[in-house]
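Here are some friendly notes from a read through this model. I have kept them as numbered points so that you can follow along in your viewer.

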Amino acid sequence: KEYKVRPAKGLLLFGPPGTGKTLIVKAASHELKATFISISPSDMSRHGYEGGVRLIKDTFNRARENAPSVVFIDELESIAPSREAYASKITEEIVSELLQQMDGLKDLKNVMLVGATNKPSLIDKALLRPGRLDKIIFVGPPNKEGRAKLFKHNLDGIKGIDKIEYDKIADETEGFTGADISSICQEVKLKLVRAKIAGEPEPEVTTQTILDVAENRTRSVTVQMLKEYLSFVKEYGERR
């Protein structure tokens, strides 16, 4: 108040698919006891893109009525793509309505927009300027320590996990996202189920079992993908 600093009204989370961008926003909304209201491309499809303008307007009206609230737009690049690259009357109307609603948040204290995207370079540039999406944050894949914790969490309660070499598994799974790790653990559990059905009395998970499953999986995060994100950060900066 002393320095008349206005809180950020817009936040963009960008990064590879499966890194937990949506989960972060849901968890934060819950912790802050804020109403979580979301829009996704599938919502837009159900209403028809002609009804997209009305959907956006209604969503922001609900957010104002249920403040404090967070409006979350998943796959923002699909809902508000660059009007230069995807010029059409429908795109123009939807992006214009979204910009108008974002500008209307400036005078509100307790409503915030959060967008998530895997392809930030495709978002209309008007949304990315300061005053709209003030904060731009990269959500990357988990580091070694994070990968080890994710394996422990996903395999919790399974027989034999106290013998697993989590550091070794974490070293071998660089480039895997949280969603990748969850999927690997699901397959490991299915192997145990099959072993149990086949008559093994007490099948156990081992380090090698996990590594064998991971070896046959493709990493979600590629070097090319990270280069594209780096290019975006160089153009717009990572505003925290």
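The points below go from the overall picture to the strands, then to the helices and a single lysine.

1. A word on the overall picture. The model is a predicted one. The protein has eleven helices and five strands, and its C-alpha atoms fill a box of roughly 65 × 45 × 35 Å along the principal axes. Of the 240 residues in the protein, 42% are buried. Among contacts with a separation of 6 or more, 82% are accounted for by residues 24 or more positions apart.

2. Let's begin the strands with β3. Strand β3 covers residues 69-73, and five of its five residues are buried, so the strand is largely enclosed by the rest of the structure. Looking at the side chains in turn, S69, V71 and I73 point one way from β3, while V70 and F72 point the other way. Both groups are buried.

3. Which strands pair with β3? One is β2 (residues 35-39), which runs parallel to β3 and is joined to it by five bridges. Within that pairing, I37 has V71 of β3 as its bridge partner. The other is β4 (residues 111-117), again in the parallel sense and over five bridges. Here S69 stands opposite V111 in β4. If you colour by burial, S69 and V71 are useful residues to look up, as both belong to the buried set of β3.

4. On to β1, residues 10-14. Is this strand mostly covered or mostly open? Strand β1 is mostly covered, with five of its five residues buried. G10, L12 and F14 point one way from the strand and L11 and L13 the other way. Burial holds for all of these residues, whichever way they point.

5. The partners of β1 come next. β1 pairs with β4 in the parallel sense over five bridges, and in β4 the bridge partner of L12 is G115. β1 also pairs in the parallel sense with β5 (residues 135-138), this time over four bridges. In that pairing F14 has F138 of β5 as its bridge partner. Strand β4 is thus worth following by eye, with β3 as one parallel partner and β1 as another.

6. Now the helices. Two packed helices are described by the angle between their axes and the distance between the axes. For α9 (residues 178-197) and α10 (residues 207-215), the angle is about 125° and the axes are 9 Å apart. The two helices are therefore oblique to each other, and α9 passes α10 in a right-handed crossing. On the α9 side, I184, E187, V188 and K191 make the contact, meeting T209, I210, V213 and A214 in α10. By class, this contact has five nonpolar, one polar and two charged residues.

7. How do α7 and α9 cross? The axes of α7 (residues 144-154) and α9 come within 9 Å and cross at roughly 40°. This pair is therefore also oblique, and α7 passes α9 in a right-handed crossing. R147, L150, F151 and N154 in α7 meet G178, I181, S182, I184, C185 and K189 in α9. Those residues divide into five nonpolar, three polar and two charged. Note I184, which appears in the contact of α9 with α7 and also in the contact of α9 with α10.

8. Which residues of α10 are buried? They are T207, T209, I210, L211, V213 and A214. These buried residues pack against α7, α8 (166-172) and α9. Of the buried set, T209, I210, V213 and A214 are the residues listed in the contact with α9.

9. Finally, a look at K144. This lysine is located in helix α7. K144 is partly exposed, with a relative accessible area of 37%, a value that lies between the 20% limit for buried and the 50% limit for exposed. Leaving aside neighbours within four places in sequence, K144 is in contact with D167, A170 and D171. As a distance to check in your viewer, K144 and I164 are 20 residues apart in sequence and 15 Å apart in space, C-alpha to C-alpha.

Methods:
Residues numbered from 1 in each chain as written. Predicted model: local features only at pLDDT ≥ 70, side-chain atom pairs only at ≥ 80, totals over all residues. Heavy atoms only, no water. Buried < 20%, exposed > 50% of the residue type's maximum accessible area, 1.4 Å probe, protein only. Pairing = 2+ DSSP bridges. Axes fitted to C-alpha atoms, helices over the stretch in contact; angles between N-to-C directions. Parallel < 35°, antiparallel > 145°, perpendicular 65-115°, else oblique. Left-handed = near helix turned anticlockwise from the far one by under 90°. Contact = heavy atoms within 4.5 Å. Nonpolar A, V, L, I, M, F, W, Y, C, P; charged D, E, K, R; others polar.
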